[in-house]
Amino acid sequence: MIPKVFKEVIDLGDGREISIETGKLAKQAHGSVVVQSGKCMLLCTVVSNYQQSDVDFLPLTVDYREKFAASGRYPGGFFKREARPSDGEVLTMRLVDRVLRPLFPKDYHAETQVMVQLMSHDDDVMPDAMAGLAASAAIQLSDIPFETPISEARVGRVNGQFIINPTRAQLLESDIDMMIGASADSVMMVEGEMSEISEEEMVEAIKFAHDAIKIQCAAQIKLAEAFGKKETRTYEPELEDEDLAKKVSALTYDKVYAVARAASAKHERSAAFEAIKEEVKATFTEEELAEYGGMVSKYYYKAEKKAVRDLTLNEGLRLDGRKTDQIRPIWCEVDYLPSTHGSSIFTRGETQALATVTLGTSREANQIDMPSFEGEERFYLHYNFPPFSTGEARPLRGTSRREVGHGNLAQRALKGMVPADCPYTVRVVSEVLESNGSSSMATVCAGTMALMDAGVQIKKPVSGIAMGLISDAETGKYAVLSDILGDEDHLGDMDFKVTGTADGITACQMDIKVKGLSYEILVNALKQAQAGRLHILGKLTETIAAPNADVKAHAPKMITRVIPNEFIGALIGPGGKVIQELQKATKTTIVINEDPITEEGIVEILGTNQDGIDAVLAKIDSLMFKPTVGNVYEVKVIKMLDFGAVVEYIQAPGNEVLLHVSELAWERTENVSDVVNMGDVFEVKYFGVDPKTRKEKVSRKAILPKPEGYVARPPRENNDRGGRDNRGRDNRGRDNRRDDRRDDRRPREDKKED
């Protein structure tokens, strides 16, 4: 039976289209779509259990995978099967999850799984930009409760013109790379990197993407209507008790407000809030707590949230006593770790990051091997968030998605400031040692100082700040919070992180939790973020104003030398013998990369000892040395022979040439040692390749004055029969007398015949 296929097409406005199709694949899933643009095809499925899970949150899993078969390739490595997700796939999962999760009902706790798979790849289409559209479209075709369609779009800007879902080639020329997630009426998520743009330009890019997203949301609704939108399933909601909520609020609101106003430290404040919660529970019997103890806890947290928000909106005060635009105390230090190539500590309030920098060759570049992209990163940043940073003890399960995401944000903030001609591969590692509010922004600040401490000549220092928003739709009041605490992150309506130099924004990450946020509020928030960012930047430059002029004494120095490809083989040697011995003797690391475009070899020399580096450079110069005909060069005798001396060019050790005995002096030379000896240094003139011997010819006598009365010997005659000199040698220098004797010893019978 031929399946009935339903399809909607979205026009991107420049000859490109995105189609959404359903009815052909994965029909047992609760919702499935194929999203296609060009030859790029994504299959998305969604399934949600019909039973509520015994948890107080939504167990949502968003999974994005790229199949190597989609680009006609095999997985790299020993096992030819896709394994754990790459960092790129994890980042796409986070982008989709952050937009979907808030739109499920708060009391919907059924296990839900969204799976997006790249099934066919197109080099001109970046698949991550369509993953959010695919996820939302699949949900719209299901009976899963979900508030409204959403979509995501990438926006770039080339030559001042905004582009929706640009190609990878266009992104190389773009000064903006932003992903925006939104519904038809609200922007919900923004993440990306920029080349020092202004706050107004950033808002303009968000608006442009939102206009495109509205069209994509409308297409999902049309597809669902054509397919036959299913009725939303019924599920058992959480129990609610308005009387209980009022009782808990009456018992706790004023007490929480007082604790919040007392401006205590994190652990003291947490203990005080917990004590209030326990006091409330003590007013109920064990039987009552057994029946609706969970509701008591829920209503307590609602009362706590309202009290803290009211304190800020009514009095302009925050949990730690600061005003809304005030930054916590900052202290910084560089060169803290003696053995690293660069290090720094950045502490802001109760958040602390220790950053290190390691310098290496291109061999240490981070290799990216995904079906949709192959390449390498010469600058990368890793972020670690151990449990002790928040005073917790929990098992370590490898690198979390959060660590991947926060590290990527900090990397994007800093990478544009690393010069393109930086010879090193640079790795920054941030160890978060304390956390109470935006450790990712602390990582940006610590990373900036560590890079400068390491002597990496960054263009400009970068700082970052995490901002929050508290608003009241009924009264219209709102407060933008600078440098938010962890509690303010959970209680607020928006969490946005902005990084940049003194001249503009380099990266951002926003999660907007309130519907219909006006662009006016967004611009005001970004302006307040700019002021806070510049304040923090001033603290960084007080600690270290500019990059150190050179790398540390114990850090490797990097020298890059370009050589023609024809000399690469000589430098490597048979089986790598030459380069291995050279590295061992000079205590350096030598990496050779061939550039297929310029047909040149790029030699990277890394070492802590300048003498070793100089020795490698001398070896390269020696291999590349080509004497010029007619020039005079200084040489040294390294071997004595009966017919001449082997000499080595002083300026190119290892380059040898034979100085024939006839070229030692104008006078006749019987013994080579009569004129030169081992180790002698003198000058010779270079004559190029002798056409007769096909060997290079040099002469010592050519730069010596001729003796008075010197008469050159006449050239030897050459005839058809071949003449002989008085020693029985022919005109080619061969002794033919033995040949004559052989003729005399012909068999006797031959003589008789003669």
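Over the ring of which residue does the charged end of Lys 207 sit? The charged end of Lys 207 lies over the ring of Tyr 519, 5.1 Å from its centre. The model discussed here is a predicted one, and the points below should be read with that in mind.

1. Helices H4 and H11. The Lys 207 and Tyr 519 placement belongs to a wider helix contact, in which Lys 207 and Tyr 519 are among the residues that meet between H4 and H11. The axes of helix H4 (residues 199-227) and helix H11 (residues 519-543) come within 10 Å and cross at roughly 145°, and the crossing is right-handed. On the H4 side the contacting residues are Glu 199, Glu 200, Met 202, Val 203, Ile 206, Lys 207 and His 210, while H11 brings Tyr 519, Leu 522, Val 523, Leu 526, Lys 527, Gln 530 and Arg 533.

2. A second charge over a ring. Arg 700 has its charged end over the ring of Phe 682, at 5.7 Å from the centre of that ring.

3. Aromatic pairs. The structure holds 13 aromatic pairs. One of them is formed by Phe 104 and Phe 146, whose rings are arranged edge-to-face, with 5.0 Å from centre to centre and 70° between the planes. This pair links distant parts of the chain, since Phe 104 stands in the loop between helix H1 (87-100) and strand E6 (112-120), whereas Phe 146 stands in the loop between helix H2 (128-140) and strand E7 (150-158), 42 residues apart. Phe 104 and Phe 146 are both buried, and ring pairs join them with Tyr 108 and Tyr 235 into a cluster.

4. Tyr 300 and Tyr 301. An edge-to-face pair is also formed by Tyr 300 and Tyr 301, with 5.4 Å centre to centre and 65° between the planes. As to accessibility, Tyr 300 has a relative accessible area of 2% and therefore counts as buried, while Tyr 301, with a relative accessible area of 44%, is partly exposed.

5. Helices H13 and H14. Two packed helices are described by the angle between their axes and the distance between the axes. For helix H13 (residues 577-586) and helix H14 (residues 610-624) the angle is about 150° and the axes are 9 Å apart, so H13 and H14 are roughly antiparallel to each other. H13 passes H14 in a right-handed crossing. The residues that meet are Val 578, Leu 582 and Thr 586 from H13, and Gly 612, Ala 615, Val 616 and Lys 619 from H14.

6. Helices H5 and H7. The axes of helix H5 (residues 242-261) and helix H7 (residues 286-315) come within 8 Å of each other and cross at roughly 45°, which makes H5 oblique to H7. The passage of H5 past H7 is a right-handed crossing.

7. Positive phi values. Most residues other than glycine have a negative phi. Asp 483, which is not a glycine, nevertheless has a positive phi of about 55°; Asp 483 is placed in the loop between strand E19 (478-482) and helix H10 (486-491) and is buried, with a relative accessible area of 1%. Arg 694 likewise has a positive phi, near 60°, and is found in the loop between strand E28 (681-689) and strand E29 (696-699), but Arg 694 counts as exposed, at 73% relative accessibility.

8. Surroundings of Val 96. Val 96 is found in helix H1 and counts as buried, at 2% relative accessibility. Leaving aside neighbours within four places in sequence, Val 96 is in contact with Val 62, Ala 131, Gly 132, Ala 135 and Glu 152. Val 96 and Ile 150, which are 54 residues apart in sequence, are 10.0 Å apart in space, C-alpha to C-alpha.

9. Surroundings of Ala 184. Ala 184 has its place in the loop between strand E9 (176-183) and strand E10 (187-197), and is partly exposed, with a relative accessible area of 40%. Not counting residues up to four places away in sequence, Ala 184 touches Pro 149, His 210, Lys 214 and Cys 217. The C-alpha atoms of Ala 184 and Lys 214 are separated by 4.7 Å, although these residues are 30 residues apart along the chain.

Technical notes
Residues are numbered from 1 along each chain as its sequence is written. This is a predicted model: local features need pLDDT of at least 70, side-chain atom pairs count only at pLDDT 80 or more; totals for chains, interfaces and linings use all residues. Side-chain values use heavy atoms; hydrogens and water are left out. Rings of Phe, Tyr and Trp (its six-membered ring) pair if their centres lie within 6.5 Å; planes under 30 degrees apart count as stacked, over 60 as edge-to-face and the rest as tilted. Helices (H or I, at least four residues) and strands (E, at least two) are DSSP runs, numbered from the N terminus. Buried means under 20% relative accessible area, exposed over 50%, partly exposed in between (1.4 Å probe, protein chains only). A charge sits over a ring if NZ of Lys or CZ of Arg is within 6 Å of the ring centre and within 35 degrees of the ring normal. Axes are lines fitted to C-alpha atoms, for helices over the stretch in contact, and angles run from 0 to 180 degrees between N-to-C directions. Angles under 35 degrees count as roughly parallel, over 145 as roughly antiparallel, 65 to 115 as roughly perpendicular and the rest as oblique. A crossing is left-handed if the near helix is turned anticlockwise from the far one by less than a right angle, and right-handed if clockwise. Contact means heavy atoms within 4.5 Å.
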